[in-house]
Amino acid sequence: DTTNTFTAPSAANEGCCMDVTNIDTVDTITLDANANFNTAAGADVALTACDVVRVCSDGTDWYQVNAVVTNTCN
């Protein structure tokens, strides 16, 4: 969306995973504590245009499980 804000669903469902994709061709979406994303293990995850990252829930927080995949927008 145009607010550059990603709000993750509740992380209560342990074992659930989701792929977060930034479909905006200009702005960056940042996963941080405000999106129920655990940043204790490192820096916030910034997704530039068309990037994708998989995150999974441990029942409390969402965690990054793979490297950000960078894509070129069409």
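**Exercise 1. How many residues lie between E4 and E5 in the hairpin, and which residue in the turn has a positive phi?**

*Solution.* The model is a predicted one: local features need pLDDT of at least 70, side-chain atom pairs count only at pLDDT 80 or more, and totals for chains, interfaces and linings use all residues. Residues are numbered from 1 along each chain as its sequence is written, and side-chain values use heavy atoms, with hydrogens and water left out.

Step 1. Fix the terms. Strands are DSSP runs of E with at least two residues, numbered from the N terminus. Two strands pair if DSSP finds at least two bridges between them.

Step 2. Establish the pairing. E4 and E5 run antiparallel and are joined by three bridges. Within this pairing, Ser57 has Trp62 in E5 as its bridge partner.

Step 3. Read the turn. Four residues stand between E4 and E5 in the hairpin, and Gly59 in the turn has a positive phi of about 100 degrees.

**Exercise 2. Determine the strand order of the open sheet and identify its edge strands.**

*Solution.* Step 1. The three strands of the open sheet follow the order E1-E4-E5, and their pairing is antiparallel.

Step 2. Strand E1 (17-21) and strand E5 (62-64) each pair on one side only, which makes them the edge strands.

Step 3. On average, neighbouring strands of this sheet are turned by 35 degrees against each other, direction ignored. For such angles, axes are lines fitted to C-alpha atoms, and values run from 0 to 180 degrees between N-to-C directions.

Step 4. Five bridges connect E1 with strand E4 (residues 52-57), and these strands run antiparallel. Among the facing residues, Thr21 stands opposite Val52 in E4, while Val20 has Val53 as its bridge partner.

**Exercise 3. Which cysteines form the disulfide, and why is Cys16 not bonded to its closest cysteine sulfur?**

*Solution.* Step 1. A disulfide is counted when two cysteine sulfur atoms lie within 2.5 Å.

Step 2. Cys17 and Cys56 are joined by a disulfide, with an S to S distance of 1.9 Å. The structure holds one disulfide. This link is right-handed, with 105 degrees about the S-S bond.

Step 3. The closest cysteine sulfur to that of Cys16 belongs to Cys17; at 7.5 Å, the distance is too far for a bond.

Step 4. Compare exposure, where buried means under 20% relative accessible area, exposed over 50%, and partly exposed in between (1.4 Å probe, protein chains only). Cys56 is buried at 15%, Cys17 is partly exposed at 41%, and Cys16 is partly exposed at 34%.
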